[in-house]
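Got the structure open in your viewer? Let's take a short walk through it, one selection at a time.

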Amino acid sequence: MGLGSKSNQLLSKIATNDKHGENSPYFDGWKAYDKNPFHPSKNPQGVIQMGLAENQLCFDLIEEWIKNNPKASICTPEGVHKFRDIANFQDYHGLPEFRTAVANFMSKVRGGRVRFDPNRIVMSGGATGANELIMFCLADPGDAFLVPTPYYPAFLRDLCWRTGLQLIPVQCDSSNNFKITRSALEEAYNKAKENNINVKGLIITNPSNPLGTTLDRDTLKSLVSFINENNIHLVCDEIYAATVFSSPSYVSVSEVIQEMESCKKDLIHIIYSLSKDMGFPGFRVGIVYSFNDVVVNCGRKMSSFGLVSSQTQHMLASMLSDDRFVDKFLAESSKRLAKRHNIFSKVLEEVNITRFPSNAGLFCWMNLKSLLKEQTFEAEMMLWHVIINEVKLNVSPGSSFSCSEPGWFRVCFANMDDETVEVALGRIRTFVGKETKKPAMQVKSWQRNLRLSFSSSRRFDHETAMSPHSPIPQSPLVKAT
């Protein structure tokens, strides 16, 4: 049963506030999929999940390694002798061999150009837990973090829901390829100060979700200089670091700060996980890597509320310590991501749908402005409802990523098998073909800075098809990426 207003009065403000973000179109799409999931034989007319940024392209390599390394599991005859030790291990520092393996893996992903200290590895329950943990360490309720647009919709949940923090968008748009400019940073920062908001830091994603791009060295240096000058923190979400499939190569903030003189390293923090790079979201491996000793110590104590299970640590320590396997996996994953990205890109080109040029990630940032009845966020929502309810594809509208322009959509391509890909692309071809044959409608002028917030997105429900808000067995917030 749902909680009524009277019942809510008996609960905490943290439990009942609306900052979980579940009422955004991003999560409405998940609900539509959960109500009517596609299956090639049992439900061929169902919704295909293209709103899930999962990397499922290399499970065969993982499964092969597991079969060849039975000692890595404490639940096999070959590995059961370690069962008692691993089952009783509960130190929040984590298994030493696990922290060492993760540190070495992070270095490999970044081309070996930077080394990571295992003693700075702080565990958490997935990237969600890691993001919240670093916010608890760095800021107090009411404080704010700057975040460039467009950004991951669930940042509202991860960074603000239980911490009481707020996000201040740094407006970026397609006129300069969504680059994070110094002027945009200063404008957002100064406006916050004018409104007496205490800005504690800047959070970025590199590679970007949803753009699928990597930040260049000069931009990273500019960001580091900005936070140094203003004495605020820089949190770098690098959970897609190993999903780079074409040039330019990946540059981590950890590499850049090695090259900068007078850099305040204690203001730099990295969020990492194995959910995207290895395709292990269910293992809930989140990492906070901070160059600040106090943050490492405080974060480790807080990690008690969301540790990685010792069984998972044990298995991954063995897997990630296998250099031959890791090298093969990273190379093959990049190759397969490039192939899948190319397949999607070619079909979009065939139907004259442009996409933002990308070299990383598990998704494309599609430009569907040509299919909007008018260049407004209301029209974007109308198009999204058609795609969800009629085309039966769960793609994510740009407004849910706080994009400053209507008409952009994120579509994920690495979370399905080849057969499902063909069905999805067939639906795209059919839909766009029908839409482009319709008579052209007059396009009204639109405001570049108009935004659709999480809370305001629901007001369009009565103007278009109803959003699927029926209860589901599992909240999409648990698995959303």
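Start by selecting Ile-287 and show what it touches: skipping neighbours within four places in sequence, Ile-287 is in contact with Val-102, Ile-121, Val-122, Met-123, Ala-130, Ile-270, Ile-271 and Tyr-272. Contact here means heavy atoms within 4.5 Å. Before going on, know that this is a predicted model, where local features need pLDDT of at least 70, side-chain atom pairs count only at pLDDT 80 or more, and totals for chains, interfaces and linings use all residues. Residues are numbered from 1 along each chain as its sequence is written, and side-chain values use heavy atoms, with hydrogens and water left out.

Ile-287 belongs to strand β8, residues 285–290; helices (H or I, at least four residues) and strands (E, at least two) are DSSP runs, numbered from the N terminus. Add Ser-273 to your selection: its C-alpha is 5.6 Å from that of Ile-287, though the two are 14 residues apart along the chain.

Is Ile-287 buried or exposed? Its relative accessible area is 1%, so Ile-287 is buried. Buried means under 20% relative accessible area, exposed over 50%, partly exposed in between (1.4 Å probe, protein chains only).

Next, pick helix α13, residues 310–320, where nine of the eleven residues are buried. Among them are His-314, Met-315 and Leu-316. The buried residues of α13 pack against β8 again, and also α4, α5, α6, β2 and α14.

Last stop: the cysteines. How many disulfides (pairs of cysteine sulfur atoms within 2.5 Å) does a search of the whole structure find? Zero. Try Cys-172: its nearest cysteine sulfur, that of Cys-403, is 9.7 Å away. Cys-172 is buried at 2% relative accessible area.

Note on methods
Disulfide = S-S within 2.5 Å.
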